[in-house]
Amino acid sequence: MIFSTSASLFGKSQLQLNYYTNSCSKAEEIIKQQVFQLYNKHGNTAISWVRNLFHDCMVKSCDASLLLVNRGGVVSEQTAERSFGMRNFKYVNTIKEAVEQECPLTLGGPNIEMKTGRRDSKESYAMMVEEFIPNHNDSISLVLSSFQAIGVDIEATVALLGAHSVGRVHCKNIVHRLYPTVDETLNPSHAAYLKHRCPTPNPDPNAVQYVRNDLKTPMIIDNNYYKNILQHKGLLTVDEELATDPRTAPYVQKMADDNEYFRQQFSRAIVLLSENNPLIGDEGEIRKDCGYLNAN
């Protein structure tokens, strides 16, 4: 399990491992404890944070711009179409408050070995979300290009898509593969299950209609995702293409065969993603409240 690192949890100059050893030695342990407590109480929080990390880091910088809410002229990235279904932002403040009690205005890092020391954006990039975040059903070529643009190689991109082993996909993002005719690349028996979960081509946008990515271990990031897509049970177009494209298929097979290899590559990929253009030094600010810019 990983914690989607909010830049609001960080502070000063260059990114480095164990950044807060001297200024707040217990910070990372406190965050780890909070993450486990929240995971045990609300299991989907960890899944949400994986997606939050991806959305924040893909759009210009890992700088917590995603956490900003609508207020004072700020248009939140959370309102973008690509952000549909994102949730559990409130728990970032729960964790922040726990660290504040130990080290006021310091705050620290995640529970995997990721460098800390980020600062927070002074603006939201809501108008850029559609440009930087691949669509749910973009081609594998476009997805690879998007990740390579921020320094994530093909092997790491295949590993990052393994995050699809947890969480869920809303029916509105898969019905085009089911209606009016079923996508011929879908496993027929799985397609029948999907139509049961998504019984209409026009899902109610206000209803929570969804399908779990992985029916076997839906709350664990593991290599079942790769086993599923090799059986043509991927929910999104990109899942199917990942398993069949010659650039990615060898990695898919290797990750399906070796969960430890997948975990190593997933960890490497998360680190690459988390270090995309961070704000450091005197850039940005350290927000007092994760969702709001500091008052001047």
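**Entry 1: the start of the chain**

I began with residues 1–13, where pLDDT stays under 50. For this stretch the model has 77 contacts beyond four places in sequence. This is a predicted model. Where pLDDT is low, the predicted coordinates should not be read in detail. I therefore set those contacts aside and moved on.

**Entry 2: confidence along the chain**

Next I looked up the scores for the protein chain. Its pLDDT averages 83. I noted that 90% of the residues score at least 70. Which element has the lowest mean pLDDT, and which the highest? Helix 2, residues 44–58, is the lowest, with a mean of 74. Helix 10, residues 249–257, is the highest, with 98.

**Entry 3: helix 1 against helix 3**

I then turned to a helix pair. Helix 1 covers residues 27–41 and helix 3 covers residues 90–102. Their axes come within 9 Å. They cross at roughly 145 degrees, and the crossing is right-handed. I listed who meets whom. Helix 1 brings Ala27, Ile30, Ile31, Gln34, Val35 and Leu38. Helix 3 brings Tyr91, Thr94, Ile95, Ala98, Val99 and Glu102. By class, this contact has 9 nonpolar, 2 polar and 1 charged residues.

**Entry 4: Pro134**

I checked the UniProt record next. Its unreviewed entry lists Pro134 under "binding site". I found Pro134 in the loop between helix 4 (129–132) and helix 5 (140–148). Is Pro134 buried or exposed? Its relative accessible area is 13%, so Pro134 counts as buried, the cut-off being under 20%. Leaving out residues up to four places away in sequence, Pro134 touches Phe54, Met58, Arg82, Val143 and Ser146. Of these partners, Phe54 and Met58 fall within the range of helix 2, residues 44–58.

**Entry 5: His164**

The same search turned up His164, which the unreviewed UniProt entry also gives as "binding site". Where does His164 lie? I found His164 in the loop between helix 6 (154–160) and strand 1 (168–170). Beyond four places in sequence, His164 touches Asn213, Tyr225, Leu236, Val238 and Asp239.

**Entry 6: Asn228**

Last, I looked at Asn228, in helix 8 (residues 224–230). Its relative accessible area is 18%, under the 20% cut-off, so Asn228 is buried. Apart from neighbours within four places in sequence, Asn228 is in contact with Asn213, Asp214, Lys233 and Gly234. I had met Asn213 already, among the residues that His164 touches. I also took one distance. Asn228 and Ser139 are 89 residues apart in sequence. In space they are 19 Å apart, C-alpha to C-alpha.

Note on methods
Residues are numbered from 1 along each chain as its sequence is written. This is a predicted model: local features need pLDDT of at least 70, side-chain atom pairs count only at pLDDT 80 or more; totals for chains, interfaces and linings use all residues. Side-chain values use heavy atoms; hydrogens and water are left out. Axes are lines fitted to C-alpha atoms, for helices over the stretch in contact, and angles run from 0 to 180 degrees between N-to-C directions. Helices (H or I, at least four residues) and strands (E, at least two) are DSSP runs, numbered from the N terminus. A crossing is left-handed if the near helix is turned anticlockwise from the far one by less than a right angle, and right-handed if clockwise. Contact means heavy atoms within 4.5 Å. Ala, Val, Leu, Ile, Met, Phe, Trp, Tyr, Cys and Pro count as nonpolar, Asp, Glu, Lys and Arg as charged, and the others, Gly among them, as polar. UniProt positions are given in the numbering used here, feature names are shortened, and annotations may be inferred rather than shown by experiment. pLDDT is the predictor's confidence in each residue, from 0 to 100. Buried means under 20% relative accessible area, exposed over 50%, partly exposed in between (1.4 Å probe, protein chains only).
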